[in-house]
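Please open the model in your viewer and keep the selection tool at hand, since this tour moves from one selection to the next and says what is to be found at each.

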Amino acid sequence: MRLAVFGFLALLILSLLMIACGGGASQQNVTVPPPVAPNQLGTATAASTTCPTGTVAGSCMSLTVTCPNVADYNGAVIKITPPSGTSKGTVIFTTGGAGNDLYETHFLFGSTAVNNVVAAGFTAVQTAFAAGSTGWLTGPAANGPLTLSCRWATMAQWVHDNVRAANTAFCATGNSAGAGAIAYALARYGEESLFNYVVPTGGPPFSRIDEGCICKGAMITTSCAGPIDPCYGLNANMFLDPAYGNGHCSNADSADVPLWQADSILSSDGKSVLNYSTRVHFIFGSLDTSPGPANAALWQQAITSTNDAQCVADAPHEIADVMDGATTIATALIQNCH
């Protein structure tokens with residue numbers, strides 16, 4: 001009996017030693033993948049400047065934005081309009097295309113959207129990338145819109161740090177390519193926790209750049225206007241070609257497909273962040289059959305955090321070109337920017 005007990009204890013001790021030393025067939029070495037590293041932001045320096053012609057009151061700053069792997073951008077203008085009392089938060093307004101002009105002058109009812117948000121107690125910051133015909137998309141850059149969107153993301157960080165009052169909300173809305181700048185900031189530049197709420201409208205068009213450049217005729221179901229072709233058409237020549245400094249997108253050069261896939265908001269290299277702490281609220285026009293909503297549908301479907309879409313029945317691609325489009329944008333921001 002003593003021998004049996006002694007044998008049992010010896011086996012127990014041996015087993016414990018094997019476990020402590022890493023023995024046993026059940027132990028596995030698990031490699032935890034490193035977190036996705038966001039693209040690097042740049043720096044911005046600011047100086048007071050005269051505001052472009054407009055109808056909304058405010059003061060203006062001119063920003064020089066320096067980003068990695070692309071020329072410095074001089075002449076980014078922000079127009080700051082504070083509320084009459086204590087600010088509840090700050091809202092960035094960005095136009096589409098090159099983003100050259102202010103929201104209040106670009107859209108027929110842009111001033112309505114801005115003034116409504118200010119009247120509700122928020123600070124409005126309008127952006128105008130006035131230097132160069134293609135604004136923040138002025139290249140060339142090896143990685144096209146991905147690299148160039150650093151300019152908007154860096155500007156947003158500067159506004160957050162220098163305009164927004166401490167402990168108040170920070171939100172943004174942008175139309176078409178302006179929605180693309182917001183999407184890149186969240187998905188590729190690590191700013192998903194910077195914003196409390198974002199409202200992309202009529203886009204973003206850069207969810208899958210390869211789908212926009214290689215026009216296959218594949219239709220994508222959208223939230224408001226039914227199936228739409230994501231093909232860029234003339235926009236390829238106007239914005240994508242200058243961004244890359246070549247004519248490959250407008251010529252549908254299939255050799256660039258891997259590059260375009262990697263440069264998209266939905267990157268093929270697994271670097272896109274798709275789970276956000278901020279709510280993404282899309283607004284589309286039911287009359288908008290541009291490639292913006294088709295590409296936006298791809299990003300919306302890929303987002304794993306809170307997101308939703310809203311339709312404005314009489315709105316075209318330029319949502320704030322109709323009154324109810326402008327008020328829908330303003331109301332969404334007023335109710336949810338907190």
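**First stop: a left-handed disulfide**

Select C224 and C311, where the torsion about the S-S bond is about -90°, so the disulfide is left-handed. Bear in mind throughout that the model is predicted. This pair links distant parts of the chain, with C224 in the loop between β8 and β9 and C311 in strand β11 (residues 307-312), 87 residues apart. The sulfur atoms of C224 and C311 lie 1.9 Å apart. With a surface display switched on, the two ends can be judged separately: C224 is buried, at a relative accessible area of 16%, whereas C311 is partly exposed, at 40%.

**Second stop: C215 and C231**

Move next to C215 and C231, which are joined by a disulfide with an S to S distance of 1.9 Å. Is this disulfide left-handed or right-handed? The torsion about the S-S bond of C215 and C231 is about 70°, so the disulfide is right-handed. Here too the pair links distant parts of the chain, 16 residues apart: C215 sits in the loop between α7 and β8 (220-222), and C231 in the loop between β9 (226-228) and α8. C215 has a relative accessibility of 42% and therefore counts as partly exposed.

**Third stop: C213 and C249**

Now select C213 together with C249, a disulfide whose S to S distance is 2.1 Å. The pair links distant parts of the chain, since C213 belongs to helix α7 (residues 209-213) while C249 lies in the loop between α8 (234-244) and α9 (257-263), 36 residues apart. The link of C213 and C249 is left-handed, with -95° about the S-S bond, and both cysteines are buried.

To place these three bridges in context, colour every bonded cysteine: a search of the whole structure finds six disulfides. When the bonded cysteines of the protein are numbered in sequence order, the pairing reads 1-2, 3-4, 5-12, 6-10, 7-9, 8-11.

**Fourth stop: S207**

Leaving the cysteines, select S207, which is placed in the loop between β7 and α7. S207 is buried, with a relative accessible area of 0%. Which backbone atom does the side chain of S207 reach? Draw a distance from that side chain to the backbone oxygen of N295, which it reaches at 2.7 Å. Showing the surroundings of S207, and leaving aside its neighbours within four places in sequence, you will find it in contact with S264, I265, L266, N295, A296, L298 and W299.

**Last stop: E191 and helix α6**

Finally, select E191 in the loop between α6 (177-187) and β7 (197-201). E191 is buried, with a relative accessible area of 2%. Apart from its neighbours within four places in sequence, E191 is in contact with L41, A153, A156, Q157, A185 and L186. For one of these partners, a C-alpha distance can be drawn: the C-alpha atoms of E191 and A156 are separated by 9.1 Å, although the two residues are 35 residues apart along the chain.

Two other partners, A185 and L186, are among the buried residues of α6, so extend the selection to that helix and ask how many of its residues are buried. Helix α6 is mostly covered, with 11 of its 11 residues buried. Stepping along it, the buried residues include A177, G178, I182 and Y184 as well as A187.

Key. Residues numbered from 1 in each chain as written. Predicted model: local features only at pLDDT ≥ 70, side-chain atom pairs only at ≥ 80, totals over all residues. Heavy atoms only, no water. Disulfide = S-S within 2.5 Å. Helix = DSSP H or I, 4+ residues; strand = E, 2+ residues; numbered from the N terminus. Buried < 20%, exposed > 50% of the residue type's maximum accessible area, 1.4 Å probe, protein only. Contact = heavy atoms within 4.5 Å. Polar contact = N/O pair within 3.5 Å; in protein donor to acceptor, adjacent residues only side chain to side chain.
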